[in-house]
Amino acid sequence: MARGGSREEASPHVPTLFASCARTVGKNMSRLEQEVWDLPTTVLQQLLPFLTIYDLERIEGAAVKKGVSTQTLWLQLWKKVIGTNPKVRKKPFNWRQKFLQTFFHCILWGTLDISDDKRLNNSRSSALVLGCQHVNKLVIRNKLQGVKEIINNPNICGPLTSTVQKLVFQHLRSVDQTLQHSLLTLLHRLIHYGVVREVILSHWNEPHPELLTLILRMSAGNLCEKEECLRAGSCEKYRLKVNTEEMDPTIQRNILDSQYQQACYTSSDCTFIDTESQCDTDKCMSPSTKESSENLSPLNSQSVTSENISLEGNGRVMGKSDCYKAHNYAFGCLLPSSKRLTDMHDEVSEESRNASQTETNEKADDLYDYIFMMDGSESDTEKNLSCTDENQTKNISNCLNNNDLFGSESLLNHTFELHLRNVSVLEITSIPLSYTSSLVLCKLLRSWVSLQKLVLEYNGLGRAIFLVLKELCALSRCRDSSLSTLVLADHVLHLPVVKLVKFILSTFPALHKLHIDFLLEVENEPLEDEMLMTRAEMTVCCLEDFSLNCTSKTLQVDHLLPVLRKLKSLKHLCLRRASFKSPEDLSKLLLTITDHLSTLESLTIQDVNLTVCLTDVLDLMRTAPLKGLTLDNCRLFERHPAETLPKIISVLKQNQSLTSLSLPANRLGNKGLLSLAKVFSQDSLSCISCLNVSANCIGGDGLLAFAKLLLSSESGSELELKLKELNVSENLFFKDSALAQKALELLQNKCHVITAQYFTDPLQAFADHVSMM
């Protein structure tokens with residue numbers, strides 16, 4: 001018996017005959033691949049766990065045809081190799097694509113060692129070549145790790161050109177010219193000849209001006225010139241160094257001609273300036289810039305006039321308006337290549353500039369350049385490139401009045417002969433943009449007609465937001481403008497937030513989504529008046545999603561209500577941090593939402609005291625055809641909860657349109673949660689399937705009682721439980737974890753329960769706790 005027992009205990013560790021054979025097959029897949037694909041379904045399914053990720057990826061097609069899924073194996077690999085818990089928002093989820101994309105980035109960044117894992121190694125293919133076929137989002141970070149490897153290997157760069165749809169840049173650092181050239185080549189391949197739709201730049205504490213300009217220009221369809229080619233003065237060297245043999249002859253000729261024209265205007269030996277726009281251009285140029293531009297010599301001894309320019313490359317003669325369009329289109333036109341756009345408005349001496357560049361290069365290899373600066377101080381480079389407040393206001397005022405610099409209406413409607421493919425989504429988040437960087441972005445926006453989504457969040461634009469608005473206004477006059485989503489967020493806004501909303505909606509009546517989020521509001525009447533002079537009268541617009549995070553100042557309700565009344569297509573409305581002069585103003589706002597927004601499907605109100613207008617809130621719940629309602633930290637049950645709760649419950653039981661109700665941070669407590677259970681009783685007409693009661697000071701005993709009430713109402717009826725999703729995050733379950741766990745076990749069998757715990761504001765949590773004592 002002892003021997004038999006020991007043999008039984010040891011048997012699980014002894015490989016079976018099938019396992020031994022499977023391992024042998026896995027080692028010889030290069031010779032047995034076709035035979036493995038033809039195996040019966042049951043045998044193939046048992047063989048899959050013994051294959052490497054390279055063979056598992058190749059056999060996917062044969063497995064699918066036989067009805068065998070590999071998703072479980074990829075999920076197991078994720079848990080073993082990656083070791084994190086990703087957010088799964090859609091089902092079914094493609095774990096193969098998720099794993100291989102993350103695996104590709106880990107190898108690219110050098111954060112994963114696969115030398116000791118046999119399942120992750122294969123002599124026939126590299127990890128990067130395997131993963132590149134499944135990368136739809138390419139993340140480039142720090143000092144551009146892996147960019148050279150991608151460019152130098154056509155087996156990696158080729159598949160990425162056809163798969164990458166989103167380019168993300170995170171925590172970039174200063175790099176040398178070699179890496180910058182590699183990035184330029186990669187962007188050219190992925191954006192101009194690939195399928196990239198989105199470019200996202202985020203968390204770049206000290207953006208390098210040239211690198212930032214390069215990314216923005218390439219995203220907009222502008223091929224950045226190389227300094228070596230410009231200094232040589234040869235258009236042949238400036239032409240695209242890409243394989244154009246397989247292109248259509250017309251497209252090939254247009255690309256080469258376009259680059260030839262742009263090179264002529266951006267050569268280091270010459271700068272073309274339209275004689276009629278010289279005076280207006282000088283307004284936004286510093287004295288040192290003017291002096292440099294006056295001393296420029298003609299290009300290769302050619303005569304450059306405002307009447308025409310002859311190009312020897314294709315024999316085409318450009319007219320005066322064409323020349324000026326090309327002059328604005330090529331960003332090196334105002335300055336020689338040795339004096340780039342990032343030096344505009346720089347009145348510092350040459351010695352100071354050189355010292356600043358030397359200091360910046362020294363910081364490139366420093367840990368300080370990688371870690372976020374906690375003190376928020378400006379770098380020396382930023383100080384040198386920035387103007388004083390008075391000069392910046394004056395320059396912006398000049399730019400707002402300068403139609404020639406930012407494009408007259410005739411030029412806006414005139415499209416350039418060739419514009420390389422560009423992206424349709426641009427997001428810049430937590431990257432401080434200097435005044436000169438803002439100018440670069442503005443010049444790109446004016447003709448970026450394919451741009452569908454623009455996100456500018458916490459970039460420290462300051463007064464430069466007027467320039468962005470000016471260029472958006474110019475973009476709106478382009479015939480093919482397709483901007484449908486605009487997100488603007490920052491710390492300081494230099495005009496009233498309602499005026500900003502009116503200006504944007506009057507400029508882009510076809511806008512579908514608008515999100516505005518500013519913390520502070522500072523008046524700047526001179527710039528505000530000059531900008532608003534160009535604003536057209538607001539008409540009925542097509543806005544469907546409107547989010548307004550109000551500033552610290554009192555909301556101008558009388559100016560906002562006419563705007564809301566014209567939003568006839570609005571489906572989603574979000575209002576946060578709004579303060580009102582009186583309860584009457586809040587009542588007017590709620591009444592307007594109830595009576596005039598007939599197409600509204602979801603409403604979110606956050607950090608607004610609604611206890612003073614409880615009657616209007618009840619009318620809103622009763623009348624508005626909402627499908628989703630979120631009242632976050634609205635202090636609904638702060639006063640007289642015994643009277644407030646029954647009224648709200650009564651209205652909710654009669655509401656048949658509402659399917660999602662979110663009441664986070666409203667101090668419900670255990671009693672309030674038990675009252676909400678009545679909404680799901682048998683006599684209720686409510687259709688609510690998603691309930692959010694997070695951060696409501698609910699204990700484990702209250703959750704257990706709530707679960708029992710729900711199950712008791714279900715047991716007395718043949719119908720299933722109406723509640724499908726319950727969010728009870730950030731509550732007080734740690735006090736009685738045993739009861740909370742029992743309640744969760746009861747609920748998880750009936751509905752999806754979310755119990756995530758986040759870091760909340762300790763003062764708010766303490767106030768909520770005291771109020772429920």
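Val 81 sits in helix 7, which covers residues 71–82. In this predicted model, the residue has a relative accessible area of 16%, and because buried means under 20%, Val 81 counts as buried. Leaving aside residues up to four places away in sequence, Val 81 touches Phe 99, Leu 112 and Leu 120. You can also follow the chain onward to Asp 117: this residue is 36 residues from Val 81 along the chain, yet the two C-alpha atoms are separated by 9.4 Å.

One of those partners, Phe 99, takes us to helix 8, where it is among the buried residues. Helix 8 runs over residues 95–109, and its 15 residues should span 21 Å at 1.5 Å a residue; the end C-alpha atoms are 21 Å apart, so expectation and model agree. How enclosed is helix 8 by the rest of the structure? Twelve of its 15 residues are buried, so helix 8 is largely enclosed. Among the buried ones are the aromatic-ring carriers Trp 95, Phe 103 and Phe 104, and the list also includes Arg 96, Gln 97, Gln 101 and His 105.

Let us step back for a view of the whole protein. It has 36 helices and 17 strands. Of its 773 residues, buried ones make up 52%. The accessible surface comes to about 36500 Å², and carbon and sulfur atoms hold 51% of this area. Among contacts with a separation of 6 or more, 83% join residues 24 or more positions apart. The pair Val 81 and Leu 112, mentioned above, is one of the contacts to keep in view while reading that figure.

Back at the start of the chain, helix 2 (residues 17–27) and helix 3 (residues 29–37) make a good first example of helix packing. Two packed helices are described by the angle between their axes and the distance between the axes. Here the angle is about 110° and the axes are 7 Å apart, which makes helix 2 roughly perpendicular to helix 3. Val 25, Gly 26 and Lys 27 of helix 2 meet Met 29, Leu 32 and Val 36 of helix 3. By class, this contact has four nonpolar residues, one polar and one charged.

Helix 30 (residues 583–596) and helix 31 (residues 614–623) offer another arrangement. Their angle is about 10°, with the axes 10 Å apart, so helix 30 is roughly parallel to helix 31. On the helix 30 side, Ser 587, Leu 590, Ile 593 and Thr 594 make the contact, and they meet Asp 616, Val 617, Asp 619, Leu 620 and Thr 623 of helix 31. This contact has four nonpolar, three polar and two charged residues.

Helix 30 itself has 14 residues and reaches 20 Å from its first C-alpha to its last, close to the 20 Å expected at 1.5 Å a residue. Its buried residues are Asp 585, Leu 586, Leu 589, Leu 590, Thr 592, Ile 593 and Thr 594. An α-helix has 3.6 residues a turn, so residues three or four places apart point the same way. What covers the buried residues of helix 30? The cover includes helix 29 (557–565), strand 11, strand 12 (602–606) and helix 31.

The loop between strand 11 (572–576) and helix 30 holds Arg 577. Its phi is near 55°, a positive value in a residue other than glycine. With a relative accessible area of 28%, Arg 577 is partly exposed. His 203 also has a positive phi, of about 55°, although it is not a glycine. This histidine lies in the loop between strand 3 (198–202) and helix 13 (209–219), and its relative accessible area of 34% makes it partly exposed.

Strand 11 also leads to Ser 547, whose place is in strand 10 (residues 545–549). Ser 547 is buried, with a relative accessible area of 6%. Beyond residues up to four places away in sequence, it touches Leu 514, His 515, Ile 516, Cys 574 and Arg 576.

Our last stop is Leu 703, in helix 34 (residues 700–715). Is this residue buried or exposed? At 0% relative accessibility, Leu 703 counts as buried. Setting aside residues up to four places away in sequence, its contacts are Leu 673, Ile 698, Leu 726, Val 728, Phe 733, Ala 740, Ala 743, Leu 744 and Leu 747. The C-alpha atoms of Leu 703 and Asn 670, which are 33 residues apart along the chain, are separated by 7.4 Å.

Definitions and conventions: Residues numbered from 1 in each chain as written. Predicted model: local features only at pLDDT ≥ 70, side-chain atom pairs only at ≥ 80, totals over all residues. Heavy atoms only, no water. Axes fitted to C-alpha atoms, helices over the stretch in contact; angles between N-to-C directions. Helix = DSSP H or I, 4+ residues; strand = E, 2+ residues; numbered from the N terminus. Parallel < 35°, antiparallel > 145°, perpendicular 65-115°, else oblique. Contact = heavy atoms within 4.5 Å. Nonpolar A, V, L, I, M, F, W, Y, C, P; charged D, E, K, R; others polar. Buried < 20%, exposed > 50% of the residue type's maximum accessible area, 1.4 Å probe, protein only. Areas by Shrake-Rupley, 256 points an atom, 1.4 Å probe, with all protein chains shown as cover. Expected span 1.5 Å × (residues − 1).
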